[in-house]
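Have a look at the sequence and the 3D model below. We'll walk through a few spots together, one at a time.

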Amino acid sequence: MTKESNSAHPPEDNSDQNLQPDNFDVGMDENGLTEKILAEQEALSAISYLQSQRHVNALKSEHQGRKSISSYQLFVKPRALISTTLAISITSIGIITNTPIIGIVGTIVTLVLSITILLPWLDAIFPSLEVKLKQWFSPQNVILYLGLLGISISIIGLLKFTGIGRIILSVGKFINWDASGTVAEWFGALGQISIAVVAVYVAWRQYIISKDLTIQQNQLTVQQNIITQQQTIDSYFQGISDLVLDEEGLLEDWPQERAIAEGRTAAIFSSVDASGKAKILRFLSRSKLLTPLQRDRRLGRAILDGVGGYAEDRLEGVRVIDLGVMLAGADLSNTDLRWTDLSEANLVRANLSGCDLVKANLSRTILYDANLSNADLNGVRFFYGPSWETASPRSRLHPPNYQTGEYTGAVVKNADFSNVQRMSDSVRRYCCAWCGEKTRNTIPGGCQDVIFETPQSQDEEIIGETSPLNPN
């Protein structure tokens, strides 16, 4: 029966039979196995055949651990009880007879055996104690403890057996401890000085950090101001567009609307920097809001030129926004003013240094005491007419003649043209003729080839027109 059952299943692992409890069962046959136990072994054998070898090894180790624990509980504990009893008796004898050796030995043995007996009980009461002990006394920590203990013992041994300790003690006898107290005071003073130095260093570092934070805060403030300014400019652009355009997108501005547009422009010029002013001027110029446009005298509407734009009328046209004195004394340095129409604007004492004025229209513009140093004047218009010889600056007493160029030129008296870039020869000659002796020294190329004397009466008209003290 046993052989047939064994042949019907895969080969059994003999080592698995050792895992079965065979010492405490009753009702065995002549081979030491009952039918019930045999069936259990066959089931376990089939399961072990399907399982991996690694799992079988783990199962073996678990059963072996259980077997060792059970054997410990059956055989070691009674012996420990007997040994503990003997140790207690020896300790008692040593105490009664006042024998130190017997008492010490018995005490140590009793203590060790008692701890061994109480460990399972302590483990049951304090389940986390064993885990903590394993953490504290892990192999790595034990090595560290032993290493530190060995170093300490080695140092003590060196001081004891090499005579270094005696030398140190003998040297200590000759030390004047009063003087050493003075030295200690000196060291204390040095310590205080060091503390003061450290405090100064900490204060300095705090100052540096505070300074860096202030700089970063200022940068954030500047960035926030730029964003706020751009939002303000965008709102201005939208407001002006809604104000001067009708539903079809055509210019249909009335006097009151033009006045409101000029008021908005004057207000925003006072609240933006040079870059913001340049953006507004480029927007207004490219939108033809600064150009004098031909108007229907009855309806006031701008007239189309027939080629997709509005017709200009320099002599009698009406501007949507007249800059007037909005930019007098303004700072427009290092900005982009290309293709802007600044004609007839009052730029007295304005700072245009480093500006890009390519193709800008400065006819009849008042540049009295203006700073144009390092500006790019390529293609800039200072006057109308066929030649600089017939052109002249604007005048309060005479209307402009856009055919000959008379009274269509810019007022350039006392302007600064130092290091201007790409100034044309006609513009150079015009400026030399009308800028005055002070400004001629700043014009690149000089004015030696220009012989032109401004009449005294006409010069007085220009000064009267451009004087900052003259409200008209």
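What follows is a short tour of the core, two helices, a cysteine and a cavity.

This is a predicted model, so local features need pLDDT of at least 70, side-chain atom pairs count only at pLDDT 80 or more, and totals for chains, interfaces and linings use all residues. Residues are numbered from 1 along each chain as its sequence is written, and side-chain values use heavy atoms, with hydrogens and water left out.

Let's start inside. A nonpolar core here is a set of buried Ala, Val, Leu, Ile, Met, Phe, Trp, Tyr and Cys residues joined through side-chain atoms within 4.5 Å; buried means under 20% relative accessible area, using a 1.4 Å probe and protein chains only. The largest such core has 61 residues, and Leu 367, Phe 382 and Phe 417 have the most contacts inside it. Helices H9 (177-244), H10 (255-269), H11 and H12 (425-434) each give it two or more residues. Helices are DSSP runs (H or I, at least four residues), numbered from the N terminus. Contact means heavy atoms within 4.5 Å, and beyond four places in sequence Leu 367 touches residues including Leu 347, Phe 382, Val 412 and Ala 415.

Now pick out H11. Its 13 residues, 274-286, should span 18 Å at 1.5 Å a residue, and its end C-alpha atoms are indeed 18 Å apart. That expected span is 1.5 Å times one less than the number of residues. Among its buried residues are Ile 280, Leu 281 and Leu 284. Just past the helix, Lys 288 takes a positive phi of about 65°.

Next comes H12, which is largely enclosed by the rest of the structure because 7 of its 10 residues are buried. Tyr 430, Cys 431 and Trp 434 are among them. Right after H12, Gly 436 has a positive phi of about 95°.

In the loop between H12 and helix H13 (437-440) you'll find Cys 435. Is it buried or exposed? Cys 435 is buried, with a relative accessible area of 0%. Its C-alpha atom is 5.0 Å from that of Val 412, although the two are 23 residues apart along the chain. Besides Val 412, Cys 435 is in contact with Lys 413, Asn 414, Arg 440 and Ile 443, leaving aside neighbours within four places in sequence.

Last stop: the second largest cavity. Its lining includes Leu 290, Arg 319, Asp 341 and Ala 345, and by class that lining has 5 nonpolar, 2 polar and 4 charged residues.

Technical notes:
Buried < 20%, exposed > 50% of the residue type's maximum accessible area, 1.4 Å probe, protein only. 1 Å grid on protein atoms, 1.4 Å probe; cavity = no way out; pocket = protein on both sides within 12 Å on 5 of 7 lines; lining within 4 Å. Nonpolar A, V, L, I, M, F, W, Y, C, P; charged D, E, K, R; others polar.
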